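Please open the structure in a viewer and keep the sequence panel visible beside it. The tour below proceeds by selections, each followed by a description of what is found there.

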Amino acid sequence: MVRNQKNSRMHSPDQEYLQALRLYWQNEKEGALSLLSERLAEGKSQQPHPYYRLWIEALADDQDESSLRILQRHIQRNINYQHPTWIGLYALTGLIHYELGELEAGRILLRKLERHGADPYVRELSLVLGTDLSDDDQLQLAKGLIKTSVDYFVLRRAALFGVRQQDTTFTRKVLSTIDDRIGDSPLQAEIGFHKQFSAKQFRKAWQFARFLRESFPLNSQYQFYFAYTSYLIDRNRTALEEFLKLNRRGQEGDPDVLCMIGATLLQGGRKSMSDKLRKRSEYYLEKARLRLKSQGLPTDYPQELLLRLHDTDEVPSSGRHWIVKLSAKQCYELYHKPEHRIEYLHRAMGPYVKAGDVCMFVSESRVADSDDVGIWRLNAIYKALTDPEWHPTHRWQTVLKLQMRLEVSIPLEIEGNQKDRLPDDGPHRYGLYEIDDSALVWIEDSVRSFTLDDQSFAQVFAELKLARSV
């Protein structure tokens, strides 16, 4: 009986910690940190580690490096090396090194804790810094995290490891442990949202986002999830309301929110757009463009929307033409998405495709046979509206506009298309093949010979000619 009571206390966090955690989930970080500092100042807690761990997470969310360093020095000054609690506190200073990007400093500190691998914070530090660990060793560390810890962020680390490893059983076990020790948390819905969003199941992602928005109405991150997925599934009225609320909350400073307000207004009025709606969309898009430019960030997305808004997205033909190879997945999406979703694309094409270039999207249905002849299929034709713009995450980005999408792809016989004949660098890295006039004439002949058999394709060749001449 005494043992059960002891285990119950060990697996039950302080009520003040749970209160601070719920404030954190609601994005009321100032209130959470105030509560934490008061509790730590009292000095009554024998296990201050969860309080400090929550503090670290809140500062890391805001990328507040100076405050993280101050907190690190504070923890170091308050470590009592004569008391067993020093192990976890010392590991927490290593986690601060990790959040600051000082990985080597964290590894040096971790080596000093090698004999204390049973501590949950040492395990967490090993999990994030142990790049040479095998999957089995990482799994053992993750399992160790859930044995006795009542720290939400330690348990969350274990759950996210399970998600990354696609270990559904382990992830469910961690989520169940969090429910038992912490109570209801947003983690399961967060995982569900990101899983469905990455799979482009936007309606399912929207359901998770709606749950998070309703459960934690003050959390701006969850509100953005809800607004953005509402936009993606054409719930434009809801999306606009949420983005406008976010804009007011963020003191009109977030360029992503500004851009999405303009995009939602444009999408909502794509069938018939009044001058008032057009001016309103232009206001937010231009504001987003200027804000991104002032921060040294890419402006291609709001710039593309501004071009579309004013119908000034026609550029003269450059006389250059490209074949662009698609994967099977990209080809499937091209055929099945609504046209307004694929009318404009941002595509990584290196520094090669320039404004006015015509791009013919093809998929490979047969590699070269014994006669050295393969089959590619023409799926769509796009034109580049802009020169390449450098993006810090996605590298070069080019804005393309759809010229035509074929209902049935047209086969093209290609000679000598074995992969081992292609160079490793240059345009081929991006699936690009520049074609000259003779190749273009041959493609046109292939289109003509294919479409003559069926009058429903009579306009294909004419549209292809139009795409060349614009």
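A residue counts as buried when its relative accessible area is under 20%. Select Q196, whose place is in helix α12, residues 187–198. Q196 has a relative accessibility of 17%, and therefore counts as buried. Its contacts, leaving out residues up to four places away in sequence, are Q201, K204, A205 and F208. Please bear in mind throughout that this is a predicted model.

**The whole protein**

Now display the entire protein as a cartoon. It contains 22 helices and seven strands. Of its 470 residues, 48% are buried. Among the contacts between residues at least 6 apart in sequence, 63% join residues that are at least 24 apart.

**Helices α13 and α14**

Next, select residues 202–215, which form helix α13, together with residues 220–232, which form helix α14. How do the axes of these two helices cross? They come within 8 Å of each other, at an angle of roughly 150 degrees. That angle makes α13 roughly antiparallel to α14, and the crossing is left-handed.

Show the side chains at this contact. From α13, the participants are F202, A205, W206, A209, R210, L212 and R213. From α14, they are Y222, Q223, Y225, F226, T229, S230 and L232. By character, the residues of this contact divide into nine nonpolar, three polar and two charged.

Remain in α14 and select L232, which lies in that helix. Is L232 buried or exposed? Its relative accessibility is 17%, so L232 counts as buried. Residues up to four places away in sequence aside, L232 touches F197, F202 and R341. Add R203 to the selection: R203 and L232 are 29 residues apart in sequence, yet their C-alpha atoms are 8.4 Å apart in space.

**Helix α8**

Move to residues 120–129, helix α8. In this helix 10 of the 10 residues are buried, so α8 is largely enclosed by the rest of the structure. The buried residues are P120, Y121, V122, R123, E124, L125, S126, L127, V128 and L129.

Which helices help to cover the buried residues of α8? The covering elements include α4 (49–61), α6 (86–99), α7 (103–111), α9 (135–148) and α10 (152–164). Colouring each of them separately will help to distinguish them.

Then select D119, which caps the N-terminal end of α8. A side-chain oxygen of D119 lies 2.9 Å from the backbone nitrogen of Y121.

**Helix α6 and H97**

One of the helices covering α8 is α6. Select H97, which lies in α6. H97 has a relative accessible area of 14% and is therefore buried. Apart from neighbours within four places in sequence, H97 is in contact with Q72, E102, L103, A105, G106 and L109.

**Helices α9 and α10**

Two further helices that help to cover α8 are α9 and α10. These two pack with their axes 8 Å apart, at an angle of about 145 degrees. Their crossing is left-handed. On the α9 side, the contact is made by D135, Q138, L139, A142, L145 and I146; on the α10 side, by V154, L155, R157, A158, F161 and R164. The residues of this contact divide into eight nonpolar, one polar and three charged.

Within α9, the residues Q138, L139, L141, A142, G144, L145 and I146 are buried. The elements covering the buried residues of α9 include α8, α10 and α11 (168–181).

**Three loop residues**

The final selections lie in loops. Most residues other than glycine have a negative phi. Select N27, in the loop between α2 (15–25) and α3 (29–42). The phi of N27 is positive, near 70 degrees, in a residue other than glycine. N27 is partly exposed, with a relative accessible area of 30%.

Proceed to Q63, in the loop between α4 and α5 (65–77). Q63 is not a glycine, and its phi is positive, at about 55 degrees. Its relative accessibility of 68% means that Q63 counts as exposed.

End at P316, in the loop between α18 (300–309) and β1 (321–326). P316 is exposed, with a relative accessible area of 66%. Which distance separates the C-alpha atoms of P316 and G356? They are separated by 5.6 Å, although the two residues are 40 residues apart along the chain.

Terms used
Residues numbered from 1 in each chain as written. Predicted model: local features only at pLDDT ≥ 70, side-chain atom pairs only at ≥ 80, totals over all residues. Heavy atoms only, no water. Axes fitted to C-alpha atoms, helices over the stretch in contact; angles between N-to-C directions. Helix = DSSP H or I, 4+ residues; strand = E, 2+ residues; numbered from the N terminus. Parallel < 35°, antiparallel > 145°, perpendicular 65-115°, else oblique. Left-handed = near helix turned anticlockwise from the far one by under 90°. Contact = heavy atoms within 4.5 Å. Nonpolar A, V, L, I, M, F, W, Y, C, P; charged D, E, K, R; others polar. Buried < 20%, exposed > 50% of the residue type's maximum accessible area, 1.4 Å probe, protein only. Polar contact = N/O pair within 3.5 Å; in protein donor to acceptor, adjacent residues only side chain to side chain.
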